[in-house]
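User: I have a structure open here and would like to talk through it with you. Could you start with the charged side chains and then move on to whatever else seems worth a look?

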Amino acid sequence: MSNTTPAKATIPSSNKQLRVPLASESFGVKLFYEATPSLASTAYLRAAVRNRRAKPILAGKANIFVGGDFIAEANLETTGPGGDAELPLGADEDLRITYTLVPAT
């Protein structure tokens with residue numbers, strides 16, 4: 001990571017709250033689905049991320065993009081170096097699960 005911010009910002013002298021991005025990072029992810037077919041037919045997409053940096057990822061909101069497309073906003077937990085984090089990406093509307101109870105004999 002470089003020592004510069006992703007964008008220049010002018011911060012006025014006022015009592016208003018202002019947010020300025022300090023860093024932008026890209027991480028490889030492993031995607032997987034979570035579902036409880038006996039309760040709902042919805043499958044939820046999730047992403048597993050490993051922090052390969054030498055510094056922790058701090059807790060806070062994260063905007064998640066795939067390519068240039070905004071996918072979701074998630075709340076991150078603090079994740080130390082080498083730690084794993086899971087991010088919810090929402091329900092997959094194109095996927096439905098059918099639960100069929102098979103009687104045992």
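Analyst: Let me start with Arg 96, which counts as partly exposed because its relative accessibility is 47%. Please keep in mind throughout that this is a predicted model.

User: What does Arg 96 form a salt bridge with, and how far apart are the closest N and O atoms?

Analyst: Arg 96 pairs with Glu 93 in a salt bridge whose closest N and O atoms are 3.3 Å apart. The partner, Glu 93, is exposed, with a relative accessible area of 58%.

User: Which residues are joined into one network by salt bridges that share partners?

Analyst: That network consists of Glu 34, Arg 46 and Glu 86, joined by salt bridges with shared partners. Within it, Glu 86 and Arg 46 form a salt bridge with their closest N and O atoms 3.3 Å apart, and this pair links distant parts of the chain, since Glu 86 belongs to strand E5 and Arg 46 to strand E2, 40 residues apart.

User: And Arg 46, buried or exposed?

Analyst: Arg 46 counts as buried, because its relative accessibility of 18% is under the 20% limit. Glu 86, by contrast, is partly exposed at 45%.

User: How many salt bridges are there by this rule?

Analyst: The count comes to 4 salt bridges. One of them joins Asp 84 to Arg 50, with the closest N and O atoms 2.7 Å apart; Asp 84 lies in strand E5 and Arg 50 in strand E2, so this salt bridge ties together parts that are 34 residues apart in sequence. Asp 84 is exposed, with a relative accessible area of 51%, while Arg 50 is partly exposed at 39%.

User: Changing topic, what order do the strands of the open sheet have?

Analyst: The open sheet has 3 strands in the order E1-E2-E5, and the pairing is antiparallel. Its edge strands are E1 (29-34) and E5 (84-96), each of which pairs on one side only. Neighbouring strands of this sheet are turned against each other by 25° on average, with direction ignored.

User: How many bridges join E1 to E2?

Analyst: E1 and E2 run antiparallel and are joined by 6 bridges. Val 29, for instance, stands opposite Val 49 in E2.

User: Back to charges for a moment: what is the nearest side chain of opposite charge to Asp 92?

Analyst: That is Arg 96, at 7.6 Å, and Asp 92 is buried yet has no salt bridge. Asp 92, which lies in strand E5, does have polar contacts: its side chain is joined to that of Tyr 33 at 2.6 Å, and it also reaches the backbone nitrogen of Asp 94 at 2.9 Å. Leaving aside neighbours within four places in sequence, Asp 92 is in contact with Tyr 33 and Ala 43.

User: One more, Asn 51. Where does it lie?

Analyst: Asn 51 lies in the loop between strand E2 (42-50) and strand E3 (60-66). Asn 51 is buried, with a relative accessible area of 1%.

User: Which backbone oxygen does the side chain of Asn 51 reach at 3.3 Å?

Analyst: At 3.3 Å the side chain of Asn 51 reaches the backbone oxygen of Gly 80, and a polar atom of the same side chain lies 3.0 Å from the backbone oxygen of Lys 55. Not counting residues up to four places away in sequence, Asn 51 touches several residues, among them Phe 27, Pro 56, Ile 57 and Thr 79.

Terms used:
Residues are numbered from 1 along each chain as its sequence is written. This is a predicted model: local features need pLDDT of at least 70, side-chain atom pairs count only at pLDDT 80 or more; totals for chains, interfaces and linings use all residues. Side-chain values use heavy atoms; hydrogens and water are left out. Helices (H or I, at least four residues) and strands (E, at least two) are DSSP runs, numbered from the N terminus. Buried means under 20% relative accessible area, exposed over 50%, partly exposed in between (1.4 Å probe, protein chains only). A polar contact is a pair of N or O atoms within 3.5 Å; within protein, one must be able to donate a hydrogen and the other to accept it, and residues adjacent in sequence count only if both atoms are side-chain atoms. Contact means heavy atoms within 4.5 Å. Two strands pair if DSSP finds at least two bridges between them. Axes are lines fitted to C-alpha atoms, for helices over the stretch in contact, and angles run from 0 to 180 degrees between N-to-C directions. Lys and Arg count as positive and Asp and Glu as negative; His and the chain ends are not counted.
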